[in-house]
Every structure is written in C-alpha cells, then in structure tokens.
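Me: Before the details are taken up, please explain the terms that are needed. What is the mean pLDDT of the chain?

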Amino acid sequence: MKTALAAEIAEDEFSQRIISALTRENVDQSLIRRRPEESPHFNIVLSFEGERTILEEKKPYGAGVEVPTVGAKMIYLSSLNTEWKKTYDEIFASNPNSKFALNPGSRQINENRSELIKYFPKIEILFVNLQ
C-alpha cells in the first residue's frame, strides 16, 4: 500500500521529527506544505481516573489548507482548523473518484452537527472517538 500525507508543518525541531518518522515509514511527503513563518501547535491531554481533559492551543491559520487533487483510491480526513467546511468541500470536489474515511474532531461534532452530517453520504468509513 502506498501512503502519503497532505499537511502543513513548520520548520522547527518538532517538524523535523515528524519528517524523520515519515521517512522511516516510507510515507510520501510530496504533499506536505512547509510554513516556516509558523510555530508548532501543541495540545496537552490530561488523563486521570478515566477522565480526560484536552488543553488546546487555538491558533488561527491564514487562508486555510491548500487542497491538492491526489487521485488516491482512499482519502482519510481528520479534524481541521476553523475553516474545516471549506477545506472538506474542496477535497471532495477536487477528488471526485476517491473514497473517503472521516474521523471528525470535537470541533466538527460540537460546532454544527448538521453541517457535518451533510458529508456522511460521501463517506465510506466513519471513525468516531469515544472521548
């Protein structure tokens, strides 16, 4: 199976670790966009006695993610920034022959569930985290 990652990363030590891990796993990195002007985005997950709290750095990005036409058989979509609806629309429109797997984040689920549900007919596999 060939695997690629479409993402945006900074050019710091943590981003270099990501690139090193992708290289070790033979993941195609041609769709990764480098954003040297950005600093890394961090989340902290606190887990205690079965309860979980996520401390999220809300960091707005500029014009959003550039969406390539990848021609992949399957595209896995995960949670995105505040412009997720625009980005999802662009991904579906630019990859009409692909199948999609979706793992929405709490932002997509909580902000406007009806907007998220409109994508379900296009989804082959839906992942939903319990927490």
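Reply: Relative accessible area sorts residues into buried (under 20%), exposed (over 50%) and partly exposed (in between), with a 1.4 Å probe and protein chains only. The model is predicted: local features need pLDDT of at least 70 and side-chain atom pairs count only at pLDDT 80 or more, whereas totals for chains, interfaces and linings use all residues. Numbering starts from 1 along each chain as its sequence is written, and side-chain values use heavy atoms, leaving out hydrogens and water. With pLDDT (the predictor's confidence in each residue, from 0 to 100), 86% of the residues reach 70 or more, and the mean for the chain is 81.

Me: Where in the chain is confidence highest?

Reply: Strands (E, at least two residues) and helices (H or I, at least four) are DSSP runs numbered from the N terminus. Confidence is lowest in strand E4, residues 51-56, with a mean of 74. The highest confidence, at 94, belongs to E7.

Me: Which strands stand at the edges of the sheet E5-E6-E7?

Reply: Three strands make up this open sheet, in the order E5-E6-E7 and with parallel pairing (at least two DSSP bridges between two strands). E5 pairs with strand E6, residues 99-102, over four bridges in the parallel sense. Two strands have a single partner each, so one side of each lacks a neighbour in the sheet; these edge strands are E5 (74-77) and E7 (123-126).

Me: Which residues form the uncovered face of E5?

Reply: Ile-75, whose bridge partner in E6 is Phe-100, belongs with Leu-77 to the covered face of E5. Met-74 stands opposite Lys-99 in E6. The uncovered face consists of Met-74 and Tyr-76.

Me: How many residues apart in sequence are the parts tied together by the pair of Tyr-76 and Phe-127?

Reply: The structure holds six aromatic pairs (ring centres of Phe, Tyr or the six-membered ring of Trp within 6.5 Å; planes under 30 degrees apart are stacked, over 60 edge-to-face, the rest tilted). Tyr-76 and Phe-127 form an edge-to-face pair, 5.9 Å centre to centre and with 70° between the planes. Relative accessibility is 47% for Tyr-76 and 38% for Phe-127, so Tyr-76 is partly exposed and Phe-127 is partly exposed. Since Tyr-76 lies in strand E5 and Phe-127 in the segment after E7, the parts tied together are 51 residues apart.

Me: Are Trp-84 and Tyr-88 buried or exposed?

Reply: Their ring centres are 5.5 Å apart and their planes stand at 70°, so this pair is edge-to-face. The two residues are four apart in helix H2, which means a separation of about one helical turn. Trp-84 and Tyr-88 share an aromatic cluster with Phe-92, Phe-100 and Tyr-119. Trp-84 is buried, and Tyr-88 is likewise buried.

Me: Which element gives the largest share of the largest nonpolar core?

Reply: A nonpolar core joins buried Ala, Val, Leu, Ile, Met, Phe, Trp, Tyr and Cys residues through side-chain atoms within 4.5 Å. The largest has 11 residues, including Ile-75, Leu-77, Trp-84, Phe-100 and Ile-123. E5, H2 and E6 each give two or more residues to this core. The largest share, four residues, comes from H2.

Me: How many residues does the second core have?

Reply: This core is separate from the largest one. Among its members are Ile-9, Leu-22, Val-27 and Ile-32. Its residues number five.
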